[in-house]
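This report describes one protein model, moving from a single residue to the overall dimensions and then to the aromatic side chains and the surface. The sequence and the structure are shown below.

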Amino acid sequence: FKNNHLQSVVIGDEIIRYGTVTDSAPWILKDCTRGAFGTRASGHSAGSEIGMLTDHAYRVFLGDVSLNREIAEKIADFMNYTGVRMLDFDGLEGTHSTGMGNYAEVLFAQQWFDHLNDNIKNHYLLGASRSGHYFWHIFSRMNWGEPWYAGFRESQTEYRLKNQNYFKRNLMPGMLGWFKMTGSTTIEDIEWLMTRSAAYNAGFAFVTDLSTLTQNGKTEEIFSILNTWETARLNEVFTESLQKRMQDLTTEFHLERTGQHQYRLTQKYSHKFRHTKKVRQPGEPLFSTFNFENPSHEQPLDFMITAVKTDISNITIEINNHRTIALSLTLKDGQTIKYSGRDKAIIYDQYWNEIAKVPVDKVQLVVPRGNLTVNFDCAFQHSDEDGLVKLEFIVRGIPENLISW
C-alpha cells in the first residue's frame with residue numbers, strides 16, 4: 001500500500017478509486033469514487049473479477065504485456081498522424097511491471113518501431129534515459145540530466161559530464177541533458193552552458209514555454225547566443241586544446257561572430273561573493289573585503305550586484321584601497337545592477353527587463369594585472385534575516401580569433 005499512489009481497482013471497464021481497505025475479511029473498499037479517470041460507473045454482477053491496478057510515483061498506471069503493446073502502438077499512431085518526430089523513452093523501466101525485466105523494454109520499443117509508417121521511420125529522433133545493446137539500431141541518443149532541481153550550473157552537473165565519456169566510448173553522440181530556461185535565466189548562465197556544449201561537442205535539450213519567453217527580458221539575446229555558439233560548434237571552430245580548457249567548470253567564455261566564418265572568443269574570469277548585514281562594535285567598519293586575481297591585462301572591472309530579500313542603497317566599491325565608485329541609488333529586492341564597460345551601468349528587474357541606466361566613471365573601475373582587493377559596502381533597508389547582496393566581479397582575457405572552413 002505504501003507504493004500505491006493512485007489507489008485504484010478495475011471491474012470490467014470501470015476504474016474505481018478508494019481511500020482505505022478494511023483490516024479484515026470480508027475486504028471492503030471504503031471512500032470510493034466511481035467511474036474514475038473518464039470511465040463510466042456501471043452495474044457489476046456478483047462474482048465479477050476485480051483487480052488492483054499497479055502504478056508508479058509519477059502517478060501513471062503500469063501495464064502487462066498486452067497493455068504495453070497497445071500503449072506503444074498508440075504512441076506510434078500519434079506520431080504517424082501528427083508528424084511529430086521526436087520522442088524520449090523516459091521511464092521505460094516501468095515495463096518491468098510485466099515481470100519480464102529488460103526484455104519487456106525491448107518488446108515495447110520494437111512494438112513502437114514496427115508500428116511507425118515509413119515516412120516517420122526515415123527520420124526521427126529517439127532519446128532514452130537508459131539503453132541496452134538492443135536499442136543500437138533504433139535509438140538516436142541518450143540524453144540524461146534533469147533541470148528541475150537547481151540552476152544551470154548545479155542540477156546533476158557531475159553526472160552530466162561523466163556521461164560524456166560514456167557516450168564517447170560507446171560511439172554515441174554527446175548530449176548534456178535537459179536545461180530549463182526560466183524568466184530569470186541569465187546571459188551568463190547561457191554562455192556557461194554553451195561553453196560546456198563546445199567543450200564536449202555535445203548537444204542538449206532546451207526547455208521553455210511562451211510565458212517564459214515573454215517574461216525574460218533577454219530572450220532575443222539568449223537565442224542569438226544559442227545560434228552563434230551552436231553554429232560555431234557544428235562548424236568545428238573549437239580546437240582540441242581549446243575544448244580541454246573549456247572542460248574546466250570554473251571557466252567561462254564569451255563568443256561573438258565577427259564575419260561569415262569568423263568568431264572572437266574571450267575568456268571571462270568570474271569571481272562571485274556575498275555581502276551580508278553585519279553587527280559590530282560602534283565605529284567598526286561594516287564593509288566586506290574580497291581578494292581575487294586579474295590574470296589578464298589592465299582593464300575596467302565588470303560587475304553585477306543583486307539585492308536578495310532586501311533593498312540596498314549607498315553602494316560603494318573601493319578598488320585596491322584608493323579608487324572608489326559610489327552609486328547613489330536604491331536597488332530593490334530582486335533587482336540587479338550590471339556594468340559591462342562603457343560609461344553606464346544598467347539596472348534590471350528579476351526577469352532582466354531594463355529599468356534604468358546609471359552613469360559610471362569608467363576610469364575609477366580600471367584594475368591592473370595581478371592581485372586585487374575590493375571593499376564593498378551598502379546600506380540595508382527593510383532586510384529580513386536572510387537578506388544579502390550577491391556580487392560578481394569579472395575581468396576578461398585577451399580575445400582569440402577563431403575561423404571555420
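In which strand does Ile-305 lie? The model is predicted, and in it Ile-305 belongs to strand β17.

**Two buried residues**

Ile-305 has a relative accessibility of 0% and therefore counts as buried, the cut-off being under 20%. Residues up to four places away in sequence aside, Ile-305 touches a set that includes Ile-312, Ile-315, Ile-317, Leu-327 and Leu-331. Phe-376, Val-389, Lys-390 and Leu-391 are also among the residues that Ile-305 touches. The C-alpha atom of Ile-305 is separated by 53 Å from that of Asn-68, and the two residues stand 237 positions apart along the chain.

Glu-188 is placed in helix α5, which covers residues 187-200. With a relative accessibility of 6%, Glu-188 counts as buried, because this value falls under the 20% limit. Once neighbours within four places in sequence are set aside, the contacts of Glu-188 are Arg-153, Glu-252, Lys-268, Met-304 and Lys-338.

**Overall dimensions**

Eight helices and 26 strands make up the secondary structure elements of the protein. Its radius of gyration is 28 Å, whereas the globule rule gives 22 Å for 405 residues; the protein is therefore more spread out than a compact globule. Along the principal axes, the C-alpha atoms fill a box of roughly 90 × 60 × 35 Å.

Of the 405 residues, 42% count as buried. The protein exposes about 22500 Å², of which carbon and sulfur atoms supply 51%. Among contacts with a separation of 6 or more, 64% are between residues 24 or more positions apart.

**Aromatic pairs**

The structure holds 20 aromatic pairs. Two of them are set out here.

| Pair | Centre to centre | Angle between planes | Class |
|---|---|---|---|
| Phe-273 and Phe-393 | 6.2 Å | 45° | tilted |
| Phe-303 and Tyr-339 | 5.7 Å | 25° | stacked |

Why is the pair of Phe-273 and Phe-393 tilted? The planes of these two rings stand at 45°, so the pair is neither under the 30 degrees of a stacked pair nor over the 60 of an edge-to-face one. This pair links distant parts of the chain: Phe-273 is in strand β14 (residues 262-276) and Phe-393 in strand β25 (residues 388-396), with their positions 120 residues apart. Phe-393 counts as buried, at 1% relative accessibility.

Phe-303 and Tyr-339 form a stacked pair, since their planes are 25° apart and the limit for stacking is under 30 degrees. Here too distant parts of the chain are linked, with Phe-303 in strand β17 (residues 302-308) and Tyr-339 in strand β20 (residues 336-339), 36 residues apart. Both Phe-303 and Tyr-339 are buried.

One aromatic cluster is formed by Phe-89, Phe-108, Trp-112, Phe-113 and Tyr-124.

**A nonpolar surface patch**

Which residues form a nonpolar patch on the surface? Met-100, Tyr-103 and Leu-107 do, and together they have about 260 Å² of accessible area. Met-100 is found in the loop that runs between β8 (86-89) and α2 (102-115). Met-100 has a relative accessible area of 31% and so is partly exposed, a class that lies between the 20% limit for buried and the 50% limit for exposed residues.

How values were computed: Residues numbered from 1 in each chain as written. Predicted model: local features only at pLDDT ≥ 70, side-chain atom pairs only at ≥ 80, totals over all residues. Heavy atoms only, no water. Patch = residues over 30% accessible without salt bridge, like charges linked within 9 Å, V, L, I, M, F, W, Y side chains within 5 Å. Areas by Shrake-Rupley, 256 points an atom, 1.4 Å probe, with all protein chains shown as cover. Salt bridge = Lys/Arg side-chain N within 4 Å of Asp/Glu carboxyl O. Helix = DSSP H or I, 4+ residues; strand = E, 2+ residues; numbered from the N terminus. Buried < 20%, exposed > 50% of the residue type's maximum accessible area, 1.4 Å probe, protein only. Rg over C-alpha atoms; globule rule 2.2 N^0.38 Å. Contact = heavy atoms within 4.5 Å. Phe/Tyr/Trp six-rings, centres within 6.5 Å; stacked < 30°, edge-to-face > 60°.
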